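Here are my notes on the structure you sent round. Please read them with the model open.

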Amino acid sequence: MNISLRQRIRGLPSGFHLLMLSDALSGLAMGAGYVSISWWVVSTGGARDMAWFSTLTALVMLIALPLTAPLGDRFPKNRVIAGGILLAMLSGLALAAMAWFGFYKLAWVVASESMAMFAWAIVFPSMLSIASELVPAARLTDALSLQKSSQSVGNLIGPVVGGSLMAFMPAWLALGAYAILLALAAVGALRIQVPPRDLANLRDESFVDQVRSGLRVRWRIPLERSWAFWGLLVMTAYLPMVVTLLPIKLHQLGLPAIWLGTCEAAASGGLLIGSLWLTHRLLQHCSRPRARAFAMWALAAVFLVVALTDSPYLMLAMFGIEGMLLSITMLIGQTHRTLAVPEAYRARVSAINVLVAKLGGMLGPALAGILLASWSLDGVYLFFALFHLLTVPPMLLLPGVNRFLGLSHEEVKDWYLRQHPEAFEPIAPAAGKLKQPI
C-alpha cells in the first residue's frame, strides 16, 4: 500500500485520465453551484425556504434514480455522463436568468434545480461505476482513490469560487459560471474512450425490467439490504448537518458567503488528503474493518464539536477533518461493493446507494425544517449530531461485513454472484402473467 501518487497513476489507461479531468471539472462546477444556489436561497428566502428547497430537490432525485439507473448499463457510460451534465447546465442557465432579472420564487427555483437533480440522477450511477470498466480489478482501489482525489480537487476550488463570486459579484454571475463549468465537464466526459461491452442481453430486457432487477439485487443480498437500511439512517442524520443547517448557521453568525465556500473547500481538501494519502497509510497499520470503525467514531465526534461551537475557525478545522474521515469510509466500502457486483449490473446497483443517500437527503432536511419551527438552530444541530452518533454501532455490526471487507480484491470480484446467485436470476417480464417479487 506504500506507493507514491506517480506509481498509482502509472499504467492506467488514457480514458481514465480523461475521467479524472471530467470529474475535476464536475466537482468544480458542483462545488461552485452548491454554494451559489444555497446562499442565494438562504439570503433571499431564509431558513424555511432552505429547508423546503433541500427536501423537495432531494425528492426529485429520489424518484428519478430508479428510473434512470439502467441507462449506464444500457448505453455507453461516457455518453450518459455527458448528456446528464448538459441537462444540469440548462438548469444553471435558468437559475442565472432568474437572478439576472431579480426574480426569486421558491417554486421556480425548486423547479429549475429539480432539472439538475434529474440530471445528476442520470450521471451519478455511471460516474460511480465507470472506473470498473476502464481499469482491471487489481487496480480498482488505486483508480477509485484517484477518482475521489480528482473530484476533491474540483470540490476544493469550486466552493471558494462560488463563495467569492456570491460575496463580491451579482448572483447571476456566480450561477452563470456554474453553467459554463458544467459545459466544459460534459466535453471532457464525451472524450472518454469506454471499452465495448456485450449489451445484447441487456437490451433484450425492457427498461422497467432493468429497474426491477437492480432493486432485486440489493434486496436479496442480506448484507446489502442491511447496509442500505442503516445507511439510510446515517444519511438522514448526516446530510442536514452539511447541506441544510450549515449555510443557515453561517448566515445567522453574520458571516459572508465566502465562509460557506471555505467550509466546503476544507471538507474537499480533507477528502483529497484522505484519498491520496491517509487511507493508504492507515491500511498499512490496521485492517479495513478497524480503519472503518475508527473513521466512523471520529466522524461522529467531529459533528458533535460542529454542533456545539460558534467559532467559524473551529468549524473550518472540523470540516477539514470530516473530509479526511469520510474518504476512509467511502474508499474502504465502495471498492469492495463495486467489485462484488457483476459488471453488467454495476450502474443500476450503484444507483441504489445514491438512492439511499438521496432518500436521507429528503427525510433529513424535512425533519430539520419541522424541528426549526420550535427549536433553536443549535438545538437542531445537536439533535442531528447525536442521531448520527447513535447510527455508528449498527453500521459496524452489519452481519458479515467484517468478513466481506477482509476479502482481497480478487476474492471479492463477483462475490455477490457466487454467494447469492438467486439475486441475479432472470426475472419474468413486467408485462407477463407471472409476477415475481423484487
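The numbered points below go from the whole chain to particular residues.

1. Status of the model. This is a predicted model. Local features were taken up where pLDDT is at least 70, and side-chain atom pairs where pLDDT is 80 or more.

2. Secondary structure and packing. The protein contains 20 helices and zero strands. Of its 438 residues, 58% are buried. Among contacts with a separation of 6 or more, 88% are between residues 24 or more positions apart.

3. Surface. About 17500 Å² of the protein is exposed. Carbon and sulfur atoms account for 69% of that area.

4. Nonpolar core. The largest nonpolar core has 131 residues. The members that touch the most others in it are F16, W40, W120, L250, F319, F404 and Y416. Helix α2 contributes the most to this core, with 21 residues.

5. L250. Leaving aside residues up to four places away in sequence, L250 is in contact with W39, L255, W259, L260, C263 and M315. L250 is also one of the core residues listed in point 4. L250 falls within helix α11, which covers residues 222-252.

6. The salt bridge. How many salt bridges does the rule give? The count is one. The partners are R337 and E224, and their closest N and O atoms are 2.6 Å apart. R337 sits in helix α14 (residues 312-340) and E224 in helix α11 (residues 222-252), so the pair ties together parts that are 113 residues apart in sequence.

7. Burial of the pair. Are R337 and E224 buried or exposed? R337 has a relative accessible area of 13%, and because the cut-off for buried is under 20%, R337 counts as buried. E224 is buried too, at 0% relative accessibility.

8. T55. This residue belongs to helix α2, which spans residues 14-68. T55 has a relative accessible area of 11% and is therefore buried under the 20% cut-off. What does the side chain of T55 reach? It reaches the backbone nitrogen of A366, at 3.0 Å. Apart from residues up to four places away in sequence, T55 touches G361, M362, P365 and A366.

9. Items to check in the viewer. For helix α2, look at T55 and its 3.0 Å approach to the backbone nitrogen of A366. For helices α11 and α14, look at E224 and R337, which lie in them respectively. For the core, start from the residues that touch the most other members, including W40 and F319.

Conventions
Residues are numbered from 1 along each chain as its sequence is written. Side-chain values use heavy atoms; hydrogens and water are left out. Helices (H or I, at least four residues) and strands (E, at least two) are DSSP runs, numbered from the N terminus. Buried means under 20% relative accessible area, exposed over 50%, partly exposed in between (1.4 Å probe, protein chains only). Contact means heavy atoms within 4.5 Å. Accessible areas come from the Shrake-Rupley method with a 1.4 Å probe; for residues, only the protein chains shown count as cover. A polar contact is a pair of N or O atoms within 3.5 Å; within protein, one must be able to donate a hydrogen and the other to accept it, and residues adjacent in sequence count only if both atoms are side-chain atoms. A salt bridge is a side-chain nitrogen of Lys or Arg within 4 Å of a carboxyl oxygen of Asp or Glu. A nonpolar core is a set of buried Ala, Val, Leu, Ile, Met, Phe, Trp, Tyr and Cys residues joined through side-chain atoms within 4.5 Å.
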